[in-house]
Amino acid sequence: MHEAYDFKAVQDKWLPVWDKLQPFKSGSDDDARPKKYVLDMFPYPSGDLHMGHAEAYALGDVIARYWVQKGFNVMHPIGWDAFGLPAENAAIKRDADPRQWTYENIAVQKASMRRYACSFDWDRTLHTCDPEYYKWNQWLFLQMYNKGLAYRKDSAVNWCPDCQTVLANEQVVAGLCERCDSAVTKKKLNQWYLKITDYADRLLDDMDQLEGKWPDKVLTMQRNWIGRSNGFEVKFEIEGEADPVTIYTTRLDTLHGATFMVVAADSAFAARLASGSSIEGEFKKYLDSVKAASDIDRLATDRPKTGVFLNRFAINPANGERIPIWASDYVLADYGTGIIMACPAHDQRDLDFAKALGLPIRVVIETGEADPNESGVATSDYGTLINSGTLNGLASLDAVEKLIAELESKKLGKRARNYRLRDWLISRQRFWGTPIPIIHCEKCGEVPVPESQLPVELPSATGLDLKPKGSSPLGAASDWVNVSCPKCNAPAKRDADTMDTFFDSSWYYLRYTSVDRDDVAFDKKAVETWLPVDQYVGGVTHAILHLLYSRFFTKVLHDLGHLNFTEPFTRLLNQGMVLMDGSAMSKSRGNLVKLSDELNTHGVDAIRVALVFAGPPEDDIDWSDVSPAGSLKFLNRAWRIAGDISSKPGVNFKDGDVALRKVTHKSLNDISLAVESFRFNVCIARIMELVNATRKAIDSGCGGADPAVREAAEIIAIALSLVAPYTAEEMWEKLGHKPAIANAGWPVVDPALLEDDAVEVVLQINGKIIDRLEVSPSITKENLEIAARANEKVAAALSGVEVKKSIVVAPKLVNFVI
RNA sequence: GCCCCUGUAGCCCAAUGGCAGAGGCAUGCGACUUAAAAUCGCACAAGUGUGGGUUCGACCCCCACCGGGGGCACCA
């Protein structure tokens, strides 16, 4: 009778030992070993860790621990994304300082991570809410400010009425606040922006080097988000205006079909065209109705088109035609020039508008499809030009070339590009974030805080009303906000807004290299040693926001001379979500599975194994399909093997049972391949297989004293150390070794043992299997065919018939076509 | 509406174009037990969503459709 495996005792036994040995402390910058930087997305400290964290960190851990075993100098750090609204909301509820809530939660999560046995280097950790960290946010902001990459402007911004703060475009999902699901409205405000649009082309083009290393899904999402469009700008004269206006189109070939012009109703240009004219009242009424509509209304695609005629006319430069100008909300003020030429026959939106308001529709491209006048469906394919004067008969693309040449020579048009991407709005009217290091002086205007005065620390929250009210709570901290101008010493005020917390996370991966430095954001040599990140692991929820911003920051810092690379994350793994009964776990849904409960019931290792084994890492896991009890059973079986080994450590494995050794080395080979290709579920299946084979060898094969059995057990322990570190360490001790198994080294596969003595070859006639044959794996094609023809059943089938073709794949199959 | 991913035993999942099954869960039977749980052993099952095509040969490649998931959705 075996003693029972007591996971609780094993956990309590090894944790303090590892704390002392620190098996995952990364080496210094001049370590001779090749480096690997494995990075998990850092958590937001809202309460304790949950199932999603458990999965993500288990996966990252497999990778980090594997490279440690392989002898790499691995850096695997963790920190906390510690600024943000939840801390502030919790503080408001409890009338406390957000600091307290945040640091308490960090302590809770850190303790959980230690128990969860994450292979983090605890000497490299950071909290973005520490002044030692956000000082460098401010420094970075000023670097960008000095380069003109951070600027202020007035514009209608996304406003969340619930959070009482502005949102970046990326934080608005289908018209709703991504955080609280409130309907987002527009508000005219003066705000800080980062000029990410300057980097649009590079952000797009550099994705070529990420191809195959990042999930296609993420690359596609980023490409869509940037939304580069290649087209043309064309100037149109306006009757009664001195200067022509410019429109943007991707379909220059349809220029002759432009039967009207539409300007964005909420643009300054529309207001100017309307002002003082007879339709001004009507226009204002329309504009008011447009402004009242929420984003959700605007986004409804089946919404009927509306607009108002501005009683003005433009001249189509292609044919001199006088076309009416309308204002409508289906044209966006902040894309292109906010003015379009409308070609209803070949653009569905324009067609819908023309039909709704009774405007002419002229087909100018013959595509062979039904006439849009009758079908109501715009024909958007390229084709042959008609109704287009001298261009008639030309193919679309030829017409474009001819037109652009003419327009260019008359300075009426040129090739142009547009992007869906907008500049990144970073100011937030909240307390718990990085203060923007700018002082507003009546005389000098915006004055950057001198570098020597950084950080601009947040004042104490005591006495401040943190409740959202549309302006930053910092504005009320009079001791803090009132300062003298660094330039002229006159009384001035600090900028009271704080930065979007995505600013914090856009460069934290650089800071890990230099957490103990207070004189620089990051040490150049350390960064050049460790970066770029070799493997980044995190949720697909950050496919656009965080990953796009981080790529942007890396390029900016590169251009400023601080980095020698332009992409921060070489490889990216997106783990799936952990669901319960088909939907995301949440307290309100009542389907929340508490991680701490599961850990108490089944132990850390069993939970880690269960999560990793549940399926491919990028797939969602349904917890109702997961069996932590089954995982614990498996760990038990593995652990018992260590107790059944009766040979001494150091015994020569070469003297062991060859059959088992072959299984062992085949498994080892498969395990390595599976880990390196992120098929961690397969990796565990292979370990299970090896455990089963070893069990059999002990019970009914070569027995527990055979060196091959020890070899198998040691390889099981080391492979298991990637996923189930406690069980592995316990096995390692039982096998007579000293801790830590994390540093045992990855066993080397003996290629000679991967060769089978004999393999089974399939014999087919016309693709149908008629027999099997045992042959040597090194058999030649010729010999295999001879052997196949000699087979009784084959010979019988082939006798008297003509073999049209024989396919011989050594050493797998022979197929005779008759 | 457009684009992408996906569909294999009751369930989760494996299978460089070459014997559909590696592993697990669940289930059934047996061993141990006074009994049960745990444990151990054995067994069970699909012809790969549907219809075409390419190929000597297709879960794998191509086309269409169906179901599931995701992204984009007035960006001219």
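Here are legends for a few close-up views of this predicted model of a protein with an RNA strand.

**View 1. The protein surface around RNA strand B.**
There are 46 residues around the strand, and Thr250, Arg303, Arg349, Arg420 and Arg772 are the ones that come nearest. Sorted by type, the residues of this surface split into 19 nonpolar, nine polar and 18 charged. If you're hunting for the secondary-structure element that gives the most to this surface, look at helix α23 (residues 680–700), with six residues. Now flip to the RNA side: of the strand B atoms within 4 Å of the protein, 60% belong to sugar or phosphate, and the rest to bases.

**View 2. Three side chains up against the backbone of RNA strand B: Ser229, Arg637 and Asn681.**
Start with Ser229, where a polar side-chain atom sits 2.7 Å from a phosphate oxygen of RNA strand B. Arg637 also has a phosphate oxygen for a partner, with an N or O atom of its side chain 3.3 Å away. For Asn681, the RNA atom is a sugar or linking oxygen, and a polar side-chain atom of this residue lies 3.4 Å from it.

**View 3. Helix α19 (residues 595–602) crossing helix α20 (residues 604–613).**
The two axes come within 7 Å and cross at roughly 115°, so α19 is roughly perpendicular to α20. On the α19 side, the contact uses Leu595, Glu598, Leu599 and His602, while α20 brings in Val604, Ala606 and Ile607. Tally up the residue types in this contact and you get five nonpolar, one polar and one charged.

**View 4. Asp504 and its surroundings in helix α15 (residues 501–505).**
Asp504 has a relative accessible area of 0%, so this residue counts as buried. Who's it touching in there? Setting aside neighbours within four places in sequence, Asp504 is in contact with Phe83, Thr128, Tyr133, Asn137 and Thr434.

**View 5. Lys291, out in the open on helix α9 (residues 280–292).**
Lys291 has 61% relative accessibility, and it counts as exposed because that is over the 50% cut-off. To get your bearings, use Val483 as a second marker: Lys291 and Val483 are 192 residues apart in sequence, and their C-alpha atoms are 38 Å apart in space.

Methods: Residues are numbered from 1 along each chain as its sequence is written. Chains are lettered from A and ligands numbered from 1 in the order in which they are written. This is a predicted model: local features need pLDDT of at least 70, side-chain atom pairs count only at pLDDT 80 or more; totals for chains, interfaces and linings use all residues. Side-chain values use heavy atoms; hydrogens and water are left out. Helices (H or I, at least four residues) and strands (E, at least two) are DSSP runs, numbered from the N terminus. Buried means under 20% relative accessible area, exposed over 50%, partly exposed in between (1.4 Å probe, protein chains only). Contact means heavy atoms within 4.5 Å. Axes are lines fitted to C-alpha atoms, for helices over the stretch in contact, and angles run from 0 to 180 degrees between N-to-C directions. Angles under 35 degrees count as roughly parallel, over 145 as roughly antiparallel, 65 to 115 as roughly perpendicular and the rest as oblique. Ala, Val, Leu, Ile, Met, Phe, Trp, Tyr, Cys and Pro count as nonpolar, Asp, Glu, Lys and Arg as charged, and the others, Gly among them, as polar. A residue is near a molecule or strand if one of its heavy atoms lies within 4 Å of it. A polar contact is a pair of N or O atoms within 3.5 Å; within protein, one must be able to donate a hydrogen and the other to accept it, and residues adjacent in sequence count only if both atoms are side-chain atoms.
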